[in-house]
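Visitor: Please take a close look at one part of this model. I would like the packing in the interior, then whatever pairs up around it.

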Amino acid sequence: MKRPNTLTKIQSIVFILLLFCLAQVSAAECGDVDSDGGIDIIDALLIAQYYVNLNPDNFDPTVADVDGDNDIRIMDALL
């Protein structure tokens, strides 16, 4: 089996880092449900409203699962 040369290794590492950086740029911050660039009490209130089925405006449920249990509950608002 042919071993990759140093240039190939470096190119592979750079490619992986580029993919990681692009993913970070495009990902919303976990908990920033109103997409204002920060996590504050408003985000917690919106998560709590969502939890009790009030359907808040300007709410992004894709970043509301703060504890990562695949469910949006009051614990996510507290965190």
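Guide: Start with L46. Leaving out residues up to four places away in sequence, L46 touches V33, D34, P56, D57, N58 and F59. This is a predicted model, so every contact and distance here is computed from predicted coordinates.

Two of those partners, V33 and F59, are in that contact list and also belong with L46 to the largest nonpolar core. That core has 8 residues in all: V33, L46, I47, F59, V63, A64, I72 and A77. As a general point, nonpolar side chains in soluble globular proteins tend to be buried together.

Take F59 next. F59 counts as buried because its relative accessibility is 14%, and the cut-off for buried is under 20%. F59 also has a ring partner. The whole structure holds 1 aromatic pair. Y50 and F59 form that pair, and the pair is stacked. The ring centres are 4.6 Å apart, with 20 degrees between the planes. Stacked is the right label because the planes are under 30 degrees apart. Y50 is partly exposed, at 30% relative accessible area. So the pair joins a buried ring, F59, to a partly exposed one, Y50.

Now I47, another member of the core. Measure by sequence and M75 is 28 residues away from I47; in space, their C-alpha atoms are 9.4 Å apart. M75 sits in helix α3, which covers residues 74–78. A77, a core residue, has a number that falls within that range. M75 itself is partly exposed, because its relative accessibility is 41%. That rules M75 out of the core, because a nonpolar core takes buried residues.

Finally, the charged side chains. The whole structure has 2 salt bridges. R73 takes part in one with D69, where the closest N and O atoms are 2.1 Å apart. R73 also meets D71 in a salt bridge, at 4.0 Å from N to O. Together D69, D71 and R73 are linked in a network. In general, side chains of opposite charge can pair when their charged atoms come close.

Are these three buried or exposed? Neither: each is partly exposed. D69 has 28% relative accessibility, D71 has 37% and R73 has 38%. Those values place them in the partly exposed class because they lie between the 20% and 50% cut-offs.

Notes:
Residues numbered from 1 in each chain as written. Predicted model: local features only at pLDDT ≥ 70, side-chain atom pairs only at ≥ 80, totals over all residues. Heavy atoms only, no water. Core = buried A, V, L, I, M, F, W, Y, C linked by side-chain atoms within 4.5 Å. Buried < 20%, exposed > 50% of the residue type's maximum accessible area, 1.4 Å probe, protein only. Contact = heavy atoms within 4.5 Å. Helix = DSSP H or I, 4+ residues; strand = E, 2+ residues; numbered from the N terminus. Phe/Tyr/Trp six-rings, centres within 6.5 Å; stacked < 30°, edge-to-face > 60°.
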